[in-house]
Amino acid sequence: MAVAAREVPHVARAEIDDLALVLRIDGGDAAAAFEGAQRFASLGEAERIYTAEAAPKDPMRWSLSLGSIGGTAIRIHVTFLLFLVWLGAIYYRQGGATAAWQGTALIVLIFLCVLLHELGHVFAARRYGIKTRDVTLWPFGGIASMEQMPEKPGQELIVALAGPAVNVAIAIALLLWLGPRLNPQNLTQIENPAVSLAVKLAGANVMLVLFNLIPAFPMDGGRVLRALLAMWVGNARATELAAGIGQGFAVMFAVLGIFYNPMLIVIALFIFLAASGEAAQAQLRAVAQGTLVSDAMITNFEALGTAATVNDAADALIRTTQTEFPIVDGTGRLRGVLTRDAMIKALKERGPDTPVLEVMQTDIPTVRARSKLETALRSLMAKRPVVGVTDGEDRLVGLLTLENLGEMMMVQSARPEAPRGPLSNGPWGSARG
Ligand SMILES: [Zn+2]
């Protein structure tokens with residue numbers, strides 16, 4: 001299934017994390033990874049957990065950097081280059097060198113428009129303080145990996161619309177430039193060699209806008225719909241409704257796919273999963289809103305001193321069930337966190353006597369125990385392995401991890417009075433296997 005997801009050819013954009021992360025499951029054991037991710041799917045954290053564990057080992061493998069714009073790296077996946085070569089070969093066989101050159105140039109230009117579309121989202125999000133690590137071009141479109149989407153409906157609406165707005169602007173500019181020379185019928189003639197490049201590009205931008213505004217979740221239209229609904233009925237209910245509508249579209253695509261194009265079935269599956277993940281995440285957020293950090297944190301954990309070595313850390317790893325170890329100084333303050341992956345890497349490459357201070361991760365966010373869990377959730381969603389919890393004097397008193405938040409969700413949902421989301425089918429207990 002992960003393989004199928006990788007091959008979805010349709011999505012002209014999908015900056016949604018869910019999608020990005022499903023796509024990142026392209027290591028050797030994709031099936032196992034997907035299965036593992038699915039077990040957490042009802043917690044809405046499937047892909048995030050998967051990435052937290054897999055991404056550091058495998059950061060955007062097979063993609064080339066083209067530089068960066070405003071702190072966002074622009075990357076091209078190798079499959080995209082192969083895709084260009086493949087298309088070029090097809091065009092060459094059909095119409096010789098000129099056709100190959102023109103066909104490839106058109107695709108490159110369309111993808112430039114897709115890139116600008118993604119940057120539209122990226123810059124709109126930046127206005128609200130949301131960073132984007134990278135934008136990657138794949139054969140089926142671009143993916144911007146944003147830290148999160150804004151939670152205010154008005155802001156989400158602007159970020160979601162900013163992408164298609166770029167394509168509207170490009171289409172209008174091209175149409176104005178073409179003026180009376182344009183025969184509107186030619187806009188859909190992308191394969192016709194007699195139609196000029198500018199007309200084809202204008203047509204492609206119109207299609208990008210229409211496609212992205214389908215109101216189903218991986219598409220911008222799904223976010224627009226959710227944001228609009230949220231202004232009426234609140235965030236949680238809006239997500240439920242929008243996810244339901246997205247799944248309705250998924251079913252429709254699947255049925256159409258049976259009769260017309262099997263690729264639609266893959267798209268349907270994709271939309272369905274994205275909608276489920278989205279709904280479950282909203283549920284997690286709703287629970288987090290009414291909870292304090294101190295109610296959800298781990299208080300029974302082992303910390304390492306600043307003098308500890310990687311060898312000490314490895315002993316602690318075996319001795320406990322923890323996979324992240326906080327490093328705490330003499331005054332009880334958090335200096336950093338050593339993850340299992342970093343520990344193993346350090347053991348292998350630098351030896352057991354390496355001080356933990358040299359290999360720990362230092363950009364670990366902290367929250368106060370009395371603050372709302374929602375705040376901490378944001379940090380975790382920004383793909384930090386763990387969030388430190390401190391008391392009034394900045395001393396480390398607890399830890400929050402995605403796993404323990406997942407456990408808290410299970411407990412909350414199992415309590416009879418807790419509301420269940422529409423997509424949390426099945427007992428939570430079985431979700432963890
Ligand atoms: Zn978009």
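**Exercise 1.** In which sense do strand β1 and strand β2 pair, and over how many bridges?

*Solution.* The structure is a predicted model. Begin by locating the two strands: β1 covers residues 63–69 and β2 covers residues 72–77. Next, consider their pairing, which is antiparallel and extends over five bridges. One bridge can be named: S68 has A73 of β2 as its partner. Finally, inspect the turn. Two residues lie between the strands of this hairpin, and G70 takes a positive phi near 55 degrees.

**Exercise 2.** Determine the strand order of the open sheet that contains β6, and explain which strands stand at its edges.

*Solution.* First, the order: three strands form the sheet as β5-β6-β7, with mixed pairing. Second, the edges: β5 (304–305) and β7 (334–339) each have a single partner strand, so one side of each is left without a neighbour in the sheet. Third, the link between β6 and β7: strand β6, residues 324–328, runs antiparallel to β7 and is joined to it by five bridges. Within this pairing, E324 has T339 in β7 as its bridge partner. Fourth, the packing: helix α13, residues 340–349, packs on the sheet and touches β6 and β7. The direction of α13 makes about 75 degrees with that of β7.

**Exercise 3.** Classify the ring pair F80 and F83, then the ring pair F83 and F111.

*Solution.* A pair of aromatic rings is described by the distance of the centres and the angle of the planes. The structure holds five aromatic pairs. For F80 and F83, the centres are 6.2 Å apart and the planes stand at 35 degrees, so this pair is tilted. In sequence, F80 and F83 are three residues apart, about one turn of helix α5 (residues 78–127), in which both lie. For F83 and F111, the centres are 6.4 Å apart and the planes stand at 65 degrees; this pair is therefore edge-to-face. The cut-off for that class is an angle over 60 degrees. To complete the picture, F80, F83, W86 and F111 form one aromatic cluster. Two of its members are buried: F80 has a relative accessible area of 3%, and F111 has a relative accessibility of 8%.

**Exercise 4.** Is G277 buried or exposed?

*Solution.* Start with the position of G277, which is in helix α10, residues 263–289. Then apply the cut-off: buried means under 20% relative accessible area. The relative accessibility of G277 is 7%, so G277 counts as buried. As a last step, relate G277 to A243: these residues are 34 residues apart along the chain, and their C-alpha atoms are separated by 8.9 Å.

Terms used. Residues are numbered from 1 along each chain as its sequence is written. This is a predicted model: local features need pLDDT of at least 70, side-chain atom pairs count only at pLDDT 80 or more; totals for chains, interfaces and linings use all residues. Side-chain values use heavy atoms; hydrogens and water are left out. Two strands pair if DSSP finds at least two bridges between them. Helices (H or I, at least four residues) and strands (E, at least two) are DSSP runs, numbered from the N terminus. Contact means heavy atoms within 4.5 Å. Axes are lines fitted to C-alpha atoms, for helices over the stretch in contact, and angles run from 0 to 180 degrees between N-to-C directions. Buried means under 20% relative accessible area, exposed over 50%, partly exposed in between (1.4 Å probe, protein chains only). Rings of Phe, Tyr and Trp (its six-membered ring) pair if their centres lie within 6.5 Å; planes under 30 degrees apart count as stacked, over 60 as edge-to-face and the rest as tilted.
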